[in-house]
Amino acid sequence: MAKKKSSGEEMQQAASGIMGQYKTWFLDYASYVILERAVPAIADGLKPVQRRILHAMKEMDDGRFNKVANIIGQSMQYHPHGDASIGEAIVNMGQKDLLIETQGNWGDIRTGDDAAAARYIEARLSKFALEVAFNAKTTEWQLSYDGRKNEPVTLPMKFPLLLAQGAEGIAVGLATKILPHNFCELCDASIKYLRNKKFDLYPDFQTKGMIDVTNYNDGKRGGKVRIRTHIEELDKKTLIVRDVPYGVTTTQLIDSIIRANDQGKIKIKKVTDNTAAEVEIQIDLAQGISPDIAIDALYAFTDCEVSVSPNACVIDQERPTFPAVRDLLKTSVDNTQELLKRELEIKLAELQDKLHYTSLEKIFFEEKIYKELEKKHETWDKVLEAIAKAFEPFRKQLKRSITREDIIKLTEKPVRRIYKLDIQELNDQIKALEGEIKQVKHDLNNLVDFTVAYYENLLKKYGKGRERKTEIKLFEAIQAKQVAIANTKIYVNRADGFIGTGLKKDEFVADCSDLDDIIAFTKAGKMKIVKVADKIFIGKDILHVAVFQKNDERTTYNMIYSDGKSGISYAKRFNVTGVTRDKEYDLTKGEEKSKAHYLSVNPNGEAETVKVILSANCSARIKEFDFYFETLEIKGRGSMGNQVTKYPIRIVKFKEAGKATLSGRKLWFDDTFGRLNTEEKGEYLGSFEGDDKILVIYEDGNYEIADQELTQRFENDKILLIEKFNPEKIITAVYLDNEKLQYNVKRFKIETTTLHTKFFFIKDGEGNRLETVTTEEEPVLVIQSGRGSQVRKAKIKIPKLTEVMGWKAVGAKLADYNKSVVMEWEQKKKDSQPELFE
C-alpha cells in the first residue's frame, strides 16, 4: 500500500510546479516580445507589425489611395494585437515619407501634432516601396497567426531600410534605438562597400538641426551624439530658433525654455511660437542679457541641445544581436546582392523557357508539323508521339528536351493562329529573347557592377529632395557655470562663520548662480570651497568670501600668517586652481593656534606693499617695517612661504598698491567654433592687458571692436581678419564696387569706440564685397591675372596709390573687375620678384 504524502509535501510540490510554469511562461513572453513585437529583423529592417502592414497594403494596391481605417482592417488578418498598435505604426511609417505615400492630415513630428483619425486619412505604397520591398518569387512565406492566410517571413528588401528609417523599441530585458540616416548617403555608402572603399555613416534627421558625431561609435552601445537647434541672433534683444532637435517637439522645447527661465538659469521676457511651414520660435531676451551668453545658456539648460545614445539591436537568425551601423549596411548590401542574383536567375530560367517554347512554336509551324493533327491516328497519345517524332530532326536547335506538356501546349494553339502565323515575328522574338538572355548572363557574371548600377538607379530616381538635412558640426564644450545667469545672492556672517543664500540679514557678498562654487578663507588660515547652499558653516572669523573660478591661474592670494608652535610669521603668494569641494585646506604649517594676519586677493597677480607692526612688548629693535610681496614668487597653496619676522605681529596694514606681476593674458581664436580661448587652440592673437580690445573684420564689409570675454561667439565663416586692436594701426582694404565693376582700395583708422557694434566701411551697393584686408604698415598687394601661359603678376605699393582717409570714404580705384584676378598681400620674404607698379 502506497504511503500517503503529507500536506506539506503536497504544498511544496505544487509550489515547485507553479514556479516552473512561471519561469517558462516569462521566458516565452520575453522571447515573444523580443522576436514578434519590439525589435526589427536585420533581413528587411522591419518589425512584425510594419511588415504585416506593408504586406496588407500590397494586397490592396491598385495605384489609388486607401483609407487608413481599411488598411488597419486588412492588416488585422495578419497582426493579432488590435487596431491601435496598427494605426500608430502606419502613422509612424507615413511620417517618415519613404515607404508610404500619404494624403490628409498625418500630423507633424516637429510640433507633436497628432494625425487625424484613421477614417479621414489615406495612404498607398510609394513607388520606391514597390520597387525595393516586394517580389513574390523571392519571398519566403509562412501561415498567419490563425492559419487562414500566408504572410511573408521577411520582405525581400533591397535597400538598407533599417538605417534609413531608424528604429526604436523596448522589449523585455533589452531595447533598441537605431538613428535614421540619409537616403543618398546610404546609397553612396552601399556603392563604396561594393567597390571595397571606405565609407562613413552618420545620422540625419527630418527635423534638421546640427549634430556632433564625435562619439557616435558607429551606432553601437556606449556611443552618443549631441544634437542642437540652429539659433539665430535677429538682433541684440531677440533670438530665433529655426528647428528642433531629433525627438523634441516645439512644445517640449518651449516648455524647457520657460522652465529654465523660472529656475533662474536664463533670463527672457517671452517666448513666441511662430511655427508654420517652418519652425520659428522667437525668444525675447531680458534687458542687459548678452545674446551670445543666452545662446550658450539655451544649449546648456534647455532642450535646444539633447544627447541621444544609440543602441543598435536587431533580430538575426531568431536571436537578438548588437551590430554596428557599418555592419548593418554591409549585411543589407550583401542581402540585396543575393536577392538581385536570385531575381536574375529566376528571370534567366523564365527567358530560357520562353525561348524554348518560341523555338518549338516556330518549328511547329515552319516545318508544318501541325499537319500531324490532320492525320488519322488511333489515339490522342499516338498523335502526340507522332508530333514528338517529327521534332527529332530539329532537337539540336532546342535548348532542352521536349516534354509532353510542351507538345500539348502547341496543340492547343487556336486554328486562326495557324493560318495567320508570321514566321518573321517568331524569328524577331527569338532574337530578342537571345539578347535578353545574353544580358542576364552578363549581369550574373558581373553581379557587383549590376548591384552598383541598381543603387545608382535608386539614387537617380528617388534621391532628389532627400539631401542631408542635419548639419554635421563639432560642438564646443559649454561650461554651465560660465553661462548660468546670476539668479541668487550669497551672504556671510563673518563672526559666526556661516555663508549662504539664506542669510539675508547678514553681509552681502556677491550675485551668483546656484551652479557656482564659493571659496572662503578664515582667520585660522583655513580655506574651503563649497557649493552654493542656503546656509553652510565654514569656520569662525571669515576673512574673505568670493565666487570660485576653477583653473584660474591669474588670481593670486597674498598672505601673511604666524605659526602657532614657533611664533614665526611667514608670507606667501599662491594660486587656487583646482581643489576637492567641501574639503578644508590648511594654508599654514598646520600647527594649533596658527592664524592669518593678512590676506589679499589680486586678479592679475598684483604685489602690494604692507606695513608690519610688531607687538609693543616684543624685544625687536624695529617695531614697524614695510614688506614687499613683489619679492616673493607665486607658489602652490601648500608652500610654507618666506619668513617675515620671528617676533609676534600685532597687525599688518595695507600701505601701497602694487603693479601686476603677471604678464598679459594670452588669447587664441579657434575658427572651428568662432571662440576666444586661453588653451592655445587656433590662431594666436597676442598678450592682452585688462583694457585691450579685439578687431574683427568681416567679408561683408563690416568691422567690429570686441572685448576679451571668452563666452562671446564670432561668425567664424565670415571673418577675413581678427587681431589685437591697435587704434593707431591703418586698415588697408580692397573691395569690389559691383555697380562700376571695379576694385577700390581705401586706407583708414578705426574712429569708433562702441563695442560689439558692426560698422559698414565699404561703399554700399548690391553685390559689393570685401576682397582682402590687412593692417600691415607698408602693404604691398600682389595681383595675379590671366590663365595658363598668359598669367601675369604685378605688385602695387598701396601707400603710394592712396592716402589715409575717413572710415566712411569710398576710396580710390585700384583696377577693373576681372573674374580671373587673384589678390594677396605680399609677405616680407618673397622668392619671386614680379613687375613693380607704383
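Biologist: What makes strand 18 and strand 19 a hairpin?
Modeller: Strand 18 and strand 19 form a hairpin with four residues between them, and G497 in that turn has a positive phi of about 85 degrees. The model is predicted: local features need pLDDT of at least 70, side-chain atom pairs count only at pLDDT 80 or more, and totals for chains, interfaces and linings use all residues. Residues are numbered from 1 along each chain as its sequence is written, and side-chain values use heavy atoms, with hydrogens and water left out.

Biologist: How do you know that strand 18 pairs with strand 19?
Modeller: Strands are DSSP runs of E with at least two residues, just as helices are runs of H or I with at least four, both numbered from the N terminus. Two strands pair if DSSP finds at least two bridges between them. Strand 18 and strand 19 (residues 498-500) are joined by three bridges and run antiparallel, so they meet that definition. Within this pair, V492 stands opposite I499.

Biologist: Which sense of pairing links strand 18 to strand 20?
Modeller: Strand 18 (residues 488-493) and strand 20 (residues 507-512) pair in the antiparallel sense, over five bridges. Here Y491 stands opposite F508. In general, strands of a sheet pair through backbone hydrogen bonds, either parallel or antiparallel.

Biologist: Why is I542 called buried?
Modeller: Buried means under 20% relative accessible area, exposed over 50%, and partly exposed in between, with a 1.4 Å probe and protein chains only. I542 has a relative accessible area of 4%, and therefore counts as buried by that cut-off. I542 lies in strand 24 (residues 542-548).

Biologist: Which residues are in contact with I542, leaving aside its neighbours within four places in sequence?
Modeller: Contact means heavy atoms within 4.5 Å. By that rule I542 touches V492, N493, R494, G497, F498, I499, F521 and T522. The list includes G497, found in the hairpin turn, and both members of the opposed pair V492 and I499.

Biologist: What makes strand 1 and strand 2 edge strands?
Modeller: They belong to an open sheet of three strands in the order 1-3-2, with antiparallel pairing. Strand 1 (66-67) and strand 2 (100-103) each pair on one side only. Strand 1 is joined to strand 3 (residues 122-125) by two bridges, which meets the requirement of at least two. N66 stands opposite A123.

Biologist: What makes an empty space a cavity, and how many are there of 30 Å³ or more?
Modeller: On a 1 Å grid over the protein atoms alone, a cavity is a set of points where a 1.4 Å probe fits but cannot get out, and lining residues have an atom within 4 Å of a point. Points are joined across faces, edges and corners, and the volume is the space filled by probe spheres set on them. Two cavities reach 30 Å³ or more. The largest holds about 100 Å³; of its 14 lining residues, the closest to the centre are I42, P160, L161, L162 and S332. Helix 10 gives the most to this lining, with four residues.

Biologist: Which residues line the second largest cavity, and how do they divide by class?
Modeller: The second largest cavity, of about 40 Å³, is lined by M57, M60, D61, D62, R64, N66, I71, A123, R124 and L125. Ala, Val, Leu, Ile, Met, Phe, Trp, Tyr, Cys and Pro count as nonpolar, Asp, Glu, Lys and Arg as charged, and the others, Gly among them, as polar. The lining thus has five nonpolar, one polar and four charged residues. Strand 3 supplies the largest share, three residues.

Note on methods:
On a 1 Å grid over the protein atoms alone, a cavity is a set of points where a 1.4 Å probe fits but cannot get out, and a pocket is an open set with protein on both sides within 12 Å along at least five of seven lines; lining residues have an atom within 4 Å of a point.
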